[in-house]
Amino acid sequence: TGVPKCVVIHHAGYASSALAHCGLYRFTSNSRVLQFASPAFDSCIIEHLSTLITGGCVCIPSANDCHSNLGKSIQTYGVT
């Protein structure tokens, strides 16, 4: 709502934060993470970048599947 806002995050700052996220969420190269958060929210960064940093797979269902068939999407993509 209102005027779009942004936050500048330096690579080094995000990298150290991502390493902490990866440990807390137990992301590994075998992880399959569902892209669920809207790109408009900063929480999607954990889904995308933290997963990719560990060599995991980001699974991106259609918007319809994400909202109407979430359980099926999780099974279809083998989300861990």
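# Exercises on a predicted model

The largest pocket has a lining of 15 residues, and Val7, Ile9, Phe41, Asp42 and Ile45 are the ones nearest its centre. The model is predicted, so to speak of local features takes pLDDT of at least 70, side-chain atom pairs count only at pLDDT 80 or more, and totals for chains, interfaces and linings use all residues. Residues are numbered from 1 along each chain as its sequence is written, and side-chain values use heavy atoms, with hydrogens and water left out.

## Exercise 1: the fold

State how many helices and strands the protein chain has, and give their order.

Solution.
- Step 1. Count the elements: four helices and two strands. Both are DSSP runs numbered from the N terminus: helices are H or I with at least four residues, strands E with at least two.
- Step 2. Read from the N terminus: α-β-α-β-α-α.
- Step 3. Add the extent. The C-alpha trace spans about 35 × 35 × 15 Å along its principal axes.
- Step 4. Check the contacts (heavy atoms within 4.5 Å). Of those with a separation of 6 or more, 61% join residues 24 or more positions apart.

## Exercise 2: the pocket

Find the volume of the largest pocket and the helices that help to line it.

Solution.
- Step 1. Take the volume: about 340 Å³.
- Step 2. Recall the criteria. On a 1 Å grid over the protein atoms alone, a pocket is an open set of points where a 1.4 Å probe fits, with protein on both sides within 12 Å along at least five of seven lines. Lining residues have an atom within 4 Å of a point. Points are joined across faces, edges and corners, and the volume is the space filled by probe spheres set on them.
- Step 3. Assign the lining. H1 and H2 each give at least two residues.

## Exercise 3: the two sides of H2

Sort residues of helix H2 into buried ones and ones in the nonpolar surface patch.

Solution.
- Step 1. Locate the helix: H2 covers residues 44–53.
- Step 2. List its buried residues: Cys44, Ile46, Glu47, Ser50 and Thr51. Buried means under 20% relative accessible area, exposed over 50%, partly exposed in between (1.4 Å probe, protein chains only).
- Step 3. Name the cover. It includes H1, strand S1 (32–34) and strand S2 (57–59).
- Step 4. Turn to the patch. Leu19, Leu49, Leu52 and Ile53 make a nonpolar patch of about 390 Å². Three residues, the largest share, come from H2; Leu52 is in this helix.
- Step 5. Apply the patch rule: over 30% relative accessible area, no salt bridge, and nonpolar side chains (Val, Leu, Ile, Met, Phe, Trp, Tyr) joined within 5 Å, or like charges within 9 Å. A salt bridge puts a side-chain nitrogen of Lys or Arg within 4 Å of a carboxyl oxygen of Asp or Glu.

## Exercise 4: His21 and Ser50

Why does His21 count as buried, and which residues does it contact?

Solution.
- Step 1. Place His21 in helix H1 (residues 11–25).
- Step 2. His21 counts as buried because its relative accessibility is 17%.
- Step 3. Leave aside neighbours within four places in sequence. His21 then contacts Tyr14, Ile46 and Ser50.
- Step 4. Follow Ser50 in H2. Ser50 is buried, at a relative accessible area of 0%.
- Step 5. With the same exclusion, Ser50 contacts Tyr14, Ala18, His21, Cys22, Phe27 and Ile45.

## Exercise 5: the ends of H2

Is Ser43 buried or partly exposed?

Solution.
- Step 1. Ser43 sits in the loop between S1 and H2.
- Step 2. Ser43 is partly exposed, with a relative accessible area of 36%.
- Step 3. Move past the helix. Just after H2, Gly55 has a positive phi of about 90°.

Note on methods
Accessible areas come from the Shrake-Rupley method with a 1.4 Å probe; for residues, only the protein chains shown count as cover.
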